[in-house]
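Biologist: I have a protein model open and do not know where to start. Can we go through it together, step by step?

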Amino acid sequence: MRSPVTDTREAIASARRLVVKVGSSALTTAGDGLDTARLDALVDAIADRISRNTQLVLVSSGAIGAGLAPLALAARPRDLATQQAAASVGQLALAHAYAESFGRYSLTVGQVLLTSDDVVRRAHYRNAQRTFSRLLALGAVPVVNENDTVATEEIRFGDNDRLAALVAHLIGADALVLLSDVDALYDGDPRDGATRKVAEVTGESDLDGLVVGMSSSGLGTGGMVSKVAAARTAAAAGIPVLLAAATQSAEALGVADVGTAFTPAGTRLSARRFWLGYAAGSSGRLHLDHGAVEAVLTRRRSLLAAGVTGVDGDFQAGDVVDLVDAAQRVVARGVVSFDAMELPELVGRSSHDLPAEQRREVVHADDLVPLSHIR
Ligand SMILES: Nc1ncnc2c1ncn2[C@@H]1O[C@H](COP(=O)(O)OP(=O)(O)O)[C@@H](O)[C@H]1O
Ligand SMILES: N[C@@H](CCC(=O)OP(=O)(O)O)C(=O)O
């Protein structure tokens, strides 16, 4: 029998629609800003893949890093206003560099700057979907980044790995490739000394005991934490993921035999269920007892008031909430059918104790997505 890893790597190598994300640390250096030689090498690999009949969306970080040198900033700024100023200058440089570089292959780029609302709100999500689909149909290469110059602290993604996972589902990608300054996932930060490379992640247990840390280059934002979270999101949605070094982009986009491969869940989540589980913002939390966790995760039942032990947040009926277990882990998300004000007096009570007008599921099974991540 073939291993799931072989299948995963083959699926990435043969994907007809692909999202590639490249991190700041692979494109920029603190002193010199944008490294166009590295950008050109990445574009070489992408253009080669496109020439082999793949529709490709590039999610590129690096706006803030590229804006440092022109503004005489020595290091990545910590405050939002200076980050936004750097991104404003850097995004222009980045877009220009991509247009020039793809131009060597007569490929046209289209810039897509997204805010979290564009994927979090359902109506905006469909709008973004239309834009990507049209750009790809016209043969352009969409180059995506967060719209850093207008994003405030509250509405910010701040994390292009997550943005790339959301875009991958949004465009119906067959695979996601995350390119960074590190060539794979290790069992600890490789900069801290000897560590073991993880070639494949086929289940949650492959992640047990790993020390997954932050960026040490000072340029990237989420470090390996955000890459693993994004890979789990995409894999849970049925999309295979490869994590590799940008310096190995030719191999990663070619035979895909480098880096760490994340095996996808067997079934692809529908757009609505993906949005509900991974893209929508959460307005509150429902605490579940052990029996309720088992009922919603294993038996795919609706959540009833009897299994709820507590309520946090100020939500309305119809909002998306997190369902958490006794250890405070978010185990599922769903659309709640009561306002936050109504719930406290219902929690723990069985349905036949409730007045007729309140005798309904707190979260209906059809509106509930278990977050089981990787198979
Ligand atoms: N377990 C780990 N395996 C690999 N890299 C790790 C790990 N823990 C932390 N890191 C760090 O994460 C960095 C990559 O994250 P980051 O700098 O944010 O990249 P990017 O800019 O590509 O998003 C690596 O350079 C490495 O120092
Ligand atoms: N949008 C920001 C990058 C945010 C981000 O996630 O950065 P990285 O960790 O380098 O992928 C920028 O272009 O500088």
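Modeller: We will take the domains, the core, one helix, a ligand shell and some single residues. Keep in mind that this model is predicted.

Biologist: Let us begin with the domains. Which domains does the assignment give for the protein chain?

Modeller: The assignment gives domain 1 (4-273) and domain 2 (282-370). Their centres, taken over C-alpha atoms, are separated by 35 Å.

Biologist: Next, the nonpolar core. Which residues of the largest nonpolar core touch the most other members?

Modeller: That core holds 110 residues. V19, V167, L176 and V177 touch the most other members. Helix α5 (residues 80-103) gives the most to the core, with eight residues.

Biologist: Why does this core lie between domain 1 and domain 2?

Modeller: Look at who contributes. Domain 1 (4-273) and domain 2 (282-370) both give residues, so the core lies between them.

Biologist: Pick one core residue for me. What does V167 touch, not counting residues up to four places away in sequence?

Modeller: V167 touches V19, V57, V59 and V144.

Biologist: V167 is also listed in a helix, α8. How do I read burial along a helix?

Modeller: Start with the general idea. An α-helix has 3.6 residues a turn, so residues three or four places apart point the same way. Then count buried residues.

Biologist: How many of the eleven residues of helix α8 (residues 160-170) are buried?

Modeller: Eleven of the eleven are buried, so helix α8 is largely enclosed by the rest of the structure. The buried residues of α8 include N160, D161, R162 and H169. L163, L166 and L170 are also among them. Just after α8, G172 takes a positive phi of about 70°.

Biologist: Now a ligand. Which residues come nearest to ligand 2?

Modeller: There are 17 residues around ligand 2, and S24, S61, A63, I64 and N160 come nearest. We just met N160 as a buried residue of α8.

Biologist: Which elements give two or more residues to the shell around ligand 2?

Modeller: They are α2 (24-27), α4 (63-68) and β6 (141-146). Of the elements, α4 gives the most, with three residues.

Biologist: How do the residues of this shell divide into nonpolar, polar and charged?

Modeller: Three are nonpolar, eleven are polar and three are charged.

Biologist: Records can help too. What does the UniProt annotation "binding site" cover?

Modeller: The annotation comes from an unreviewed UniProt entry. The residues it covers include K21, S180, D181, M224 and S226.

Biologist: Take M224 and S226. Where does M224 lie?

Modeller: M224 lies in helix α9 (residues 223-236). S226 lies in helix α9 as well.

Biologist: Is M224 buried or exposed?

Modeller: Count neighbours; 20 or more within 10 Å makes a residue buried. M224 has 25 C-beta neighbours inside 10 Å, so M224 counts as buried. S226 has 25 C-beta neighbours inside 10 Å, so S226 counts as buried too.

Biologist: Which residues are M224 and S226 in contact with, leaving aside neighbours within four places in sequence?

Modeller: M224 is in contact with L185, V212 and G213. S226 touches D159, D161 and R162. D161 and R162 belong to the buried residues of α8.

Biologist: One last residue. Where is the place of R349?

Modeller: R349 is in the loop between β16 (330-336) and β17 (363-370). R349 has 14 C-beta neighbours inside 10 Å, so R349 counts as partly exposed.

Biologist: How far apart are R349 and G307?

Modeller: They are 42 residues apart in sequence, and 8.2 Å apart in space, C-alpha to C-alpha. Leaving aside neighbours within four places in sequence, R349 is in contact with A305, A306 and L354.

Terms used:
Residues are numbered from 1 along each chain as its sequence is written. Chains are lettered from A and ligands numbered from 1 in the order in which they are written. This is a predicted model: local features need pLDDT of at least 70, side-chain atom pairs count only at pLDDT 80 or more; totals for chains, interfaces and linings use all residues. A nonpolar core is a set of buried Ala, Val, Leu, Ile, Met, Phe, Trp, Tyr and Cys residues joined through C-beta atoms within 7 Å. A residue is buried if 20 or more other C-beta atoms lie within 10 Å of its own, exposed if 12 or fewer, and partly exposed in between; C-beta atoms are placed from the backbone. Helices (H or I, at least four residues) and strands (E, at least two) are DSSP runs, numbered from the N terminus. Domain bounds come from an automatic or database domain assignment. Two residues are in contact if their C-beta atoms, placed from the backbone, lie within 7 Å. A residue is near a molecule or strand if its C-beta atom, placed from the backbone, lies within 6 Å of it. Ala, Val, Leu, Ile, Met, Phe, Trp, Tyr, Cys and Pro count as nonpolar, Asp, Glu, Lys and Arg as charged, and the others, Gly among them, as polar. UniProt positions are given in the numbering used here, feature names are shortened, and annotations may be inferred rather than shown by experiment.
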